[in-house]
Structures are given as structure tokens and as C-alpha cells.
Amino acid sequence: MSRIVSYRGMLTDGAQEQIPLKTNNGLTGYKITKFQIMPKNFNVSDEYTVQIWKTEQTSIATSQDFSDNRLLAVAYFEAEGSDSPNSTTIVFDSEKFNQDVYVVAKSQSGNEINYYIEMEQMDLSLDEQTVATLKDIRNTGTQ
């Protein structure tokens, strides 16, 4: 079984939102297929960074470290008023997970940013469930 589930919301600078995905048996897995961000107000010049993490963040990073295995996706949006915005999105789409994920936002001037996430939901075999759960256990306390 495979289906697409989507989540959307709005975050302010420094905010973190938990997306509840975990199940009692851990046999439902997810993979991010689409991640987009858009400012609430296009008439404001600002830079936005939104990240999706496997673990809750105690602070919002101002730099990107792709070697951190807890990072699932990053989106960057630069707006200079209403003139030609610049946007980049990177999703580590080979990552399967079966636990809650956390979306965090950083804005240069404290403005709000919208996000939209699509995930492929799939059944996991016992082997895949074990690997995903062990990865989650390893990630705990590594901040």
C-alpha cells in the first residue's frame, strides 16, 4: 500500500511544529516527495530557511549541515519585495522514517512563512521497521 499524505502550515521565525506520524507498531513508513515554502507577504524583503528534522530541535540552526543524518529536507526562499524571488529546496528522498518529524523556520526579519509537505506513506516490512526504529533510537540525544 502506498498513498500520498500532505501537511501545510505557517511558521514564524524560530518556531517549530511537530508533525505526528508515529504509530503503535511502527509498520507505517514515510518518505518526503515534495517540500515547498512561500512567504506570507511577498512585499517584504527577507530570507527564509525552513528545515524538516527527525528529532525535536532545541535551537534553530542558522547554517546547513548536510552530514547531519537527522536532517530530512531544507528549503530556502529569498524575497526582495515582489521582484523575482529566489528559491532552493533539497529533499533527502531516500530517507524512510516511521516517527514524528519537526518543521522549523528561520527568517532574517522575523516574518511568517508558509510550508507544504507531501509524503509517500507506505507499509514497512519488519526488517524496514527495525532499521527505521533503530535509526530513530540512535538519533535521540545526538544534538
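## A tour from strand β7 outwards

The chain averages a pLDDT of 85, and 89% of the residues score at least 70; pLDDT is the predictor's confidence in each residue, from 0 to 100. This is a predicted model, in which local features need pLDDT of at least 70 and side-chain atom pairs count only at pLDDT 80 or more, while totals for chains, interfaces and linings use all residues. Residues are numbered from 1 along each chain as its sequence is written, and side-chain values use heavy atoms, with hydrogens and water left out.

Try colouring by confidence to begin. Among the elements of the chain, β2 has the highest mean pLDDT (96) and helix α1, residues 126–139, the lowest (71). Helices (H or I, at least four residues) and strands (E, at least two) are DSSP runs, numbered from the N terminus.

**Stop 1: strand β7**

Select residues 101–107. This is β7, and 6 of its 7 residues are buried; buried means under 20% relative accessible area, exposed over 50%, and partly exposed in between (1.4 Å probe, protein chains only).

Now add residues 16–19, which form β2: this strand pairs with β7 in the antiparallel sense over 4 bridges. Pairing requires that DSSP finds at least two bridges between the two strands. Look for I19, which stands opposite V101.

Next, show residues 46–53. Here β4 also pairs with β7 in the antiparallel sense, over 6 bridges, and V50 sits opposite A105.

**Stop 2: the nonpolar core**

Select I32, F35, I52, I117 and M119. Of the 25 residues in the largest nonpolar core, these five touch the most other members. Such a core is a set of buried Ala, Val, Leu, Ile, Met, Phe, Trp, Tyr and Cys residues joined through side-chain atoms within 4.5 Å. At least two core residues come from each of β1 (2–11), β3 (28–39), β4, β5 (71–80), β7 and β8 (113–123). The biggest contribution is that of β5, with 5 residues. In soluble globular proteins, nonpolar side chains tend to be buried together.

Centre on I117 for a closer look. Which residues is I117 in contact with, leaving aside its neighbours within four places in sequence? They are V5, S6, Y7, I19, I32, K34, F35, I52 and V103, where contact means heavy atoms within 4.5 Å.

**Stop 3: salt bridges**

The structure holds 4 salt bridges, each a side-chain nitrogen of Lys or Arg within 4 Å of a carboxyl oxygen of Asp or Glu. Three of them are worth a visit.

- Go back to β7 and pick K106, whose partner is D13, with the closest N and O atoms 3.8 Å apart. D13 lies in the loop between β1 and β2, 93 residues from K106. K106 is partly exposed at 30% relative accessibility.
- Select E112 and K40, which meet at 2.9 Å, N to O. E112 is in the loop between β7 and β8 and K40 in the loop between β3 and β4, 72 residues apart. K40 counts as exposed because its relative accessibility is 53%.
- Select K54 and E95, which meet at 2.7 Å, N to O. This pair joins the loop between β4 and β5 to the loop between β6 (83–91) and β7, 41 residues apart. Both K54 and E95 are buried.

**Stop 4: N98**

Finish at N98, in the loop between β6 and β7. Is N98 buried or exposed? N98 is buried, because its relative accessible area is 1%. Its side chain reaches the backbone oxygen of G26 at 3.0 Å. Show Q99 too: a polar contact of 3.4 Å joins the side chains of N98 and Q99. A polar contact is a pair of N or O atoms within 3.5 Å; within protein, one must be able to donate a hydrogen and the other to accept it, and residues adjacent in sequence count only if both atoms are side-chain atoms.
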